[in-house]
Amino acid sequence: MTGKPISPYAVLALAIVLPGTGQVLNGTPQRGLVFLFFIIMLGWVSMNVMPVHATFIGRSIGGVFIYGLSVIDAYRCARIRLEVWRYHQRQAA
C-alpha cells in the first residue's frame, strides 16, 4: 500500500451527505453508481406502490433502505482498508 487511506469517519460523513461518494473515496466508483441506481430505482418503485396517504419516508422506503446500506458499506470498506494498511505498517516495522 502506498499511502494512508482516508479516515473511515470522513468517508462516513461524506457518504451520509452525498450517497455514493463514500464508495468513490474508497476507490470503487462503480459500486457507488450501482448504489445510486438502486436508490433511485427502489425509491421510484416504492413511491408507486405505497398508498397515497403514507409519509414521504414511507413512500420512498426502498430508496431510504438502500441509502442506509450504502452508508454502512462505505464505512465498512473504509475501516477495512485502514486496518489492512495498519497491519502492513506493523509488518514493515
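Reply: In this predicted model, a salt bridge is a side-chain nitrogen of Lys or Arg within 4 Å of a carboxyl oxygen of Asp or Glu.

Me: Why is the pair aspartate 73 and arginine 76 called a salt bridge?

Reply: The closest N and O atoms of aspartate 73 and arginine 76 are 3.1 Å apart. The cut-off is 4 Å, so the pair qualifies as a salt bridge. Both residues lie in helix H5, three residues apart, and are therefore separated by about one helical turn.

Me: What makes aspartate 73 and arginine 31 a salt bridge, and which helices do they lie in?

Reply: Their side chains meet at 2.9 Å, N to O, which is within the 4 Å limit, so this pair also counts. Aspartate 73 belongs to helix H5 and arginine 31 to helix H3, so the salt bridge ties together parts that are 42 residues apart in sequence.

Me: Is aspartate 73 buried or exposed, and how do you know?

Reply: Aspartate 73 has a relative accessibility of 5%. Buried means under 20%, so aspartate 73 is buried.

Me: Why are arginine 31 and arginine 76 each called partly exposed?

Reply: The relative accessible area is 39% for arginine 31 and 41% for arginine 76. Partly exposed is the range between under 20% and over 50%, so the term applies to arginine 31 and to arginine 76.

Me: What makes arginine 79 and glutamate 83 a salt bridge?

Reply: The N to O value for their side chains is 3.2 Å. That is within 4 Å, so the pair meets the rule. Arginine 79 and glutamate 83 are four residues apart in helix H5, and so about one helical turn separates them. Arginine 79 is partly exposed at 31%, as is glutamate 83 at 29%. Elsewhere, salt bridges with shared partners join Arg31, Asp73 and Arg76 into one network. The count of salt bridges in the model comes to four.

Me: Which residues make up the largest nonpolar core, and what makes them a core?

Reply: The five residues are Val11, Ala15, Val71, Ala74 and Ala78. A nonpolar core requires buried residues joined through side-chain atoms within 4.5 Å, so the name rests on both burial and linkage. Helix H1 (8-17) and helix H5 (61-92) each give two or more residues to this core, and H5 gives the most, with three.

Me: How do you know that valine 45 can belong to a surface patch?

Reply: Valine 45, in helix H3, has a relative accessible area of 35%. Patch residues need over 30%, so valine 45 passes that step. The nonpolar patch also includes Trp44 and Val49.

Definitions and conventions:
Residues are numbered from 1 along each chain as its sequence is written. This is a predicted model: local features need pLDDT of at least 70, side-chain atom pairs count only at pLDDT 80 or more; totals for chains, interfaces and linings use all residues. Side-chain values use heavy atoms; hydrogens and water are left out. Patches are made of residues with over 30% relative accessible area and no salt bridge: like charges are joined within 9 Å, nonpolar side chains (Val, Leu, Ile, Met, Phe, Trp, Tyr) within 5 Å. Accessible areas come from the Shrake-Rupley method with a 1.4 Å probe; for residues, only the protein chains shown count as cover. Buried means under 20% relative accessible area, exposed over 50%, partly exposed in between (1.4 Å probe, protein chains only).
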